[in-house]
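Me: I would like a close look at a single part of this structure, followed by whatever helps to place that part among its surroundings. Please take your time over it.

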Amino acid sequence: MAILKTEGDFPKRIGNYVLYPWGDRVVVKAVSGFATETLKNAAHYEPSRQTAKEFGNVSSLCKAIRVALYGILPKQNNLAVVNAFTKKMREVITCDTTAVRGERHLTTALTTLEGKQQLKGYNFNPEAKMILACQISKDSLTFKTNDLLFPETANYIGFRVHRLAFDFTTDALELVSTNCILESKTSLPKRMNLPLPIKANTIGTVFTLLEVQFYINARGTYIPMLEDASKSVVIVDLV
């Protein structure tokens, strides 16, 4: 590669070299020989094509889930939420051991015990430090609250439970949620027992999620805390 100073117009290509402007100078660079057709057809790029295909499928399905959970997921660090969830689901897809690389799918991966275990306890907010050991019965979700750490200015905490049914093959989905249950910092029970949303028609994989949001009670108005680490949306179970 060479850098030249020139005035006026210059050709875009000379022989096996391409030229392009860089400030008040011109960069001269040898043609690499790489082309789109090479990536599409060359045998040694097959692993790259397989990875790209799976990444595209996973990214599309992750976006559909995030759209379904709009208004529930934290918004302050949206890029981190997107990247962390996509990374996690790319790990989950490797649990599909019945298909060859490039053809693996989350539908199959989430029928395996390993695939489900990888998502249990997953927090959509990568900045959150909250860890709750939840237990699910037929119609309720329970957990101890002694490990909950309130932000300095927060004096209330809110809980909601969601059930998202999502078909990873057709993208069909259904979301049902409970009302928010608010508890003050001073009178928070040592154990919370939250009702589960009524199950609708089950399609695909059913995720049970616990949403935890801290609030400031200012003269009877509950204002949600917006710090990145204050809100959690955790997958507590999936079937």
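What volume does the largest pocket have?

Reply: The model is a predicted one, and in it the largest pocket has a volume of about 250 Å³. Its lining is made up of 21 residues, of which Pro74, Gln213, Met225, Leu226 and Lys231 are the closest to its centre. Two elements, β7 (156-166) and β11 (205-218), are the ones that give two or more residues to this lining. In chemical character the lining of the largest pocket divides into eight nonpolar, seven polar and six charged residues.

The two strands that contribute to the pocket also lead into the interior, since β7 and β11 are among the elements that each supply at least two residues of the largest nonpolar core. The others are α2 (46-68), α3 (78-92), α4 (106-109) and β13 (232-238), and α2 provides the largest share, six residues. This core holds 29 residues, and those that touch the most other members are Met89, Leu119, Phe124, Phe168 and Phe207. For Phe168, leaving out residues up to four places away in sequence, the residues touched are Leu61, Ile65, Met89, His105, Leu106, Thr107, Leu110, Thr205 and Phe207.

Apart from this core lies another, of 20 residues, with Leu141, Leu148, Val161 and Met192 among them. Met192 is also one of the residues in contact with Glu183 once neighbours within four places in sequence are set aside, and the rest of that list consists of Asn155, Tyr156, Ile157, Phe159, Leu188 and Pro189. Glu183 itself lies in strand β9 (residues 181-184), and although 24 residues separate Glu183 from Phe159 in sequence, the two are 8.5 Å apart in space, C-alpha to C-alpha.

A further part of the picture is an open sheet of three strands, in the order β5-β6-β10, with antiparallel pairing. Because β5 (135-136) and β10 (191-195) stand at the edges and each has a single partner strand, one side of each is left without a neighbour in the sheet. Between β6 (residues 140-144) and β10, the antiparallel pairing runs over five bridges, and Lys144 stands opposite Arg191 in β10.

Methods
Residues are numbered from 1 along each chain as its sequence is written. This is a predicted model: local features need pLDDT of at least 70, side-chain atom pairs count only at pLDDT 80 or more; totals for chains, interfaces and linings use all residues. Side-chain values use heavy atoms; hydrogens and water are left out. Two strands pair if DSSP finds at least two bridges between them. Helices (H or I, at least four residues) and strands (E, at least two) are DSSP runs, numbered from the N terminus. Contact means heavy atoms within 4.5 Å. On a 1 Å grid over the protein atoms alone, a cavity is a set of points where a 1.4 Å probe fits but cannot get out, and a pocket is an open set with protein on both sides within 12 Å along at least five of seven lines; lining residues have an atom within 4 Å of a point. Grid points are joined across faces, edges and corners, and a volume is the space filled by probe spheres set on the points. Ala, Val, Leu, Ile, Met, Phe, Trp, Tyr, Cys and Pro count as nonpolar, Asp, Glu, Lys and Arg as charged, and the others, Gly among them, as polar. A nonpolar core is a set of buried Ala, Val, Leu, Ile, Met, Phe, Trp, Tyr and Cys residues joined through side-chain atoms within 4.5 Å. Buried means under 20% relative accessible area, exposed over 50%, partly exposed in between (1.4 Å probe, protein chains only).
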